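This report describes the model shown below, beginning with the chain as a whole and then turning to one of its sheets.

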Amino acid sequence: MLGSGGVSDGYEVGSKRQRMMESNPYFAVSSSTGGFQPYIGYGGGFQPSPFPVVRLRGLPFNCTDIDIFKFFAGLDIVDVLLVNKSGRFSGEAFVVFAGSMQVELALHRDRQNMGRRYVEVFRCKRQDYYNAVAAEVNYEGIYDNDYHGSPPPSRSKRFSDKDQMEYSEILKMRGLPFSVKKSQIVDFFGDYKLIEERIHIACRPDGKATGEAYVEFISAEEAKRAMGKDKMTIGSRYVELFPSTQDEARRAESRSRQ
């Protein structure tokens, strides 16, 4: 069993953060206050509640979000974000909990071991987490205070960013319909040479799709060419593409098997 029921309040770990921000009071923002709205405490007074997030450092490089759930067994986790740099896992992660008390309990696990490595657990700011999410999706403006959804960045902006990244044969897809089939992904990349048996649609441990997939092409050059499909649609959903690695794809496949 993952934590206290695994995922708090029905949130899907690592995906659909927009819905989390809209439905969880810890993510509340307001254009008038320019930031996080405090809870109203007993007696009608405002009691500011710190954003319930911690940062982890020193994680094993084969760490998955399942390992983090096990590390924090018994606590209510809302989101796990593994931090990648240049397509490789950095050994750091952000973990958002269901409340401030959960954070206090999580901090007691500082310097406990995961495998053979001890893990640092320390406080961080809400903006640190948002910055890490923004870096992961490579999408500016999505966490503005007055968020109401935005059109995709311009093609020139997308490619000026992503052309600088190192490519392998693997691309990561994000924002897929949860009902997507491999055949739809093959059709989406119809003009590019992919390896059909190396398409992996990522799932949570309970078998539900995460909206992500990993696709292997015949070469790194072909994967880079296929980035021309970035922000194009499958059904009514526009799909984001990112350079990925064999290691990241294997970790996703491992999580799906569990």
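## Surface and burial

The accessible surface of the protein, computed on a predicted model, is about 13100 Å². Carbon and sulfur atoms contribute 48% of that area. Half of the chain is shielded in the sense used here: 50% of the 258 residues count as buried.

## Overall make-up

The protein contains eight helices and 15 strands. Among contacts with a separation of 6 or more, 69% are between residues 24 or more positions apart.

## A five-stranded sheet

Five strands form an open sheet in the order 6-7-5-9-8, and their pairing is antiparallel. Its edges are strand 6, residues 77-85, and strand 8, residues 112-114, each of which pairs on one side only. On average, neighbouring strands of the sheet are turned by 35° against each other, with direction ignored.

At one end of the strand order, strand 6 pairs with strand 7, which covers residues 88-97. The two run in the antiparallel sense and are joined over seven bridges. One bridge links Val80 to Val95, the latter lying in strand 7.

## Helix 3 on the sheet

Which strands does helix 3 touch where it packs on the sheet? Helix 3, made of residues 100-107, touches strand 5 (53-57), strand 7 and strand 9 (117-123). The direction of helix 3 makes about 145° with that of strand 9. Strand 7 thus appears in two roles: it pairs with the edge strand 6, and it is touched by helix 3.

Technical notes
Residues numbered from 1 in each chain as written. Predicted model: local features only at pLDDT ≥ 70, side-chain atom pairs only at ≥ 80, totals over all residues. Heavy atoms only, no water. Pairing = 2+ DSSP bridges. Helix = DSSP H or I, 4+ residues; strand = E, 2+ residues; numbered from the N terminus. Axes fitted to C-alpha atoms, helices over the stretch in contact; angles between N-to-C directions. Contact = heavy atoms within 4.5 Å. Buried < 20%, exposed > 50% of the residue type's maximum accessible area, 1.4 Å probe, protein only. Areas by Shrake-Rupley, 256 points an atom, 1.4 Å probe, with all protein chains shown as cover.
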